[in-house]
Amino acid sequence: MASSSKELYYVFLKRDSEYERLKDIRTKKGEEELDRYLEKKHEEILESNLEPGSYKRTVSLVVVHGFGVEITEHQAEVLRSADGVYTVEKNEEIKLASS
């Protein structure tokens, strides 16, 4: 049985031509355009696959074309089969040994 508690997952998207084009623009305007594109793309994926208010997006990851989101295990499974999604991975923190 899947857990209903929410945890942090990272959703990595398949690269698309618009992302690649915007990522290569190295100006302030280009960065702002990429930010808007990612915001829209990430929200579209979440809104078209999950119930409104059932998730909390925490961060956009520009370099790897993805985002962090607090969701349940079941919601992670739903997103794994969503169009445009490459993979969904649960966050796992590793404690570093003290120096």
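In the predicted model, 66% of the contacts (heavy atoms within 4.5 Å) between residues at least 6 apart in sequence join residues at least 24 apart. Residues are numbered from 1 along each chain as its sequence is written, and side-chain values use heavy atoms, with hydrogens and water left out. Local features need pLDDT of at least 70 and side-chain atom pairs count only at pLDDT 80 or more, whereas totals for chains, interfaces and linings use all residues.

The protein has 3 helices and 4 strands (DSSP runs, H or I of at least four residues for helices and E of at least two for strands, numbered from the N terminus), which follow the pattern β-α-α-β-β-α-β along the sequence. Of its 99 residues, 31% count as buried (under 20% relative accessible area with a 1.4 Å probe, protein chains only).

The largest nonpolar core (buried Ala, Val, Leu, Ile, Met, Phe, Trp, Tyr and Cys residues joined through side-chain atoms within 4.5 Å) has 15 residues, and Val11, Leu46, Val69, Ile71, Leu79, Val85 and Val88 are those with the most contacts inside it. At least two residues of this core come from each of strand E1 (7–13), helix H2 (28–49), strand E3 (66–71), helix H3 (73–80) and strand E4 (85–90). A second, separate core of 5 residues includes Tyr19, Leu22, Leu34 and Leu38. Leaving aside neighbours within four places in sequence, the contacts of Val69 include Val11, Leu46 and Tyr55.

Gln75, which lies in helix H3, counts as buried because its relative accessibility is 8%. Beyond neighbours within four places in sequence, Gln75 is in contact with Leu50 and Ser54.

Methods: Buried < 20%, exposed > 50% of the residue type's maximum accessible area, 1.4 Å probe, protein only.
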